[in-house]
Amino acid sequence: MRILALTFGDASTASSHYRVFQYIPLLEPLGVRIEAFPAADFAGRKTVAGYDAVLAQKKLLPPGRVRWLRRQTCRLLYDVDDAIWFPHGRRHHWLTRWRTARRLAAIARAADLCIVPNNVLGDHLRRLNARVALLPMALDGQRWPARSTPRDAGIVRIGWAGNPVNLGYLKIGRAHV
């Protein structure tokens, strides 16, 4: 099976790394070949039809491009790991909110499957598409091994792999950032 992944960023972007790129070598021995390109850089429009599926990762593509992808591929998958429809910090202009809602509805409704890491995002997307699957974020246990003995018993430490703007959503009591 050949899958074209149109990613949010390259392999150094946390979202794309943990949702797409880390799975490429793991799935290849199972006969699943993923070719990943940042969506912003992808120019191979004529080659989409040669894939068994297209995975659009996190991008809010214009409805016209979504319709084109839907016509060109057997399966369209949409993976989102962030509430990209929710503005950070300040309220967006009504036109931006309308465009964001329109683009999210276009890709979610067109997808054969929406993939999310948690039920908060899944519940939101289920309003647009009943076919939502949960795929939790997974860290490579070899790269990020658990400590055998905790340094500070009783202190919970949280690692953050995402965008710093999202840190505001955590209620921090005592933290080292």
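**Tyr78 and the nonpolar core**

In strand E4 (strands being DSSP runs of at least two residues, and helices H or I runs of at least four, numbered from the N terminus), Tyr78 is the bridge partner of Ala56. This is a predicted model, in which local features need pLDDT of at least 70 and side-chain atom pairs count only at pLDDT 80 or more, while totals for chains, interfaces and linings use all residues. Residues are numbered from 1 along each chain as its sequence is written, and side-chain values use heavy atoms, without hydrogens and water.

**Strands around E4**
- E3 and E4 are parallel and share four bridges, where pairing requires at least two DSSP bridges between two strands.
- E4 also runs parallel to E5, joined by three bridges, and Asp79 stands opposite Ile115 in E5.
- From E4, Leu76 and Tyr78 point one way and Leu77 and Asp79 the other, yet all are buried, that is, under 20% relative accessible area with a 1.4 Å probe and protein chains only.

**Cores**
- The largest nonpolar core (buried Ala, Val, Leu, Ile, Met, Phe, Trp, Tyr and Cys residues joined through side-chain atoms within 4.5 Å) has 28 residues, and Tyr78 and Leu125 have the most contacts inside it.
- At least two residues of this core come from each of several elements, including E1 (2-7), H3 (63-72) and H5 (119-126), and H4 gives the most, with five.
- A second, separate core has 11 residues, among them Val20, Phe21, Ile34 and Ala53.

**Contacts of Tyr78**
- Beyond its neighbours within four places in sequence, Tyr78 is in contact with residues including Leu55, Ile84, Leu104, Ile107 and Leu113, contact meaning heavy atoms within 4.5 Å.

Technical notes:
Buried < 20%, exposed > 50% of the residue type's maximum accessible area, 1.4 Å probe, protein only.
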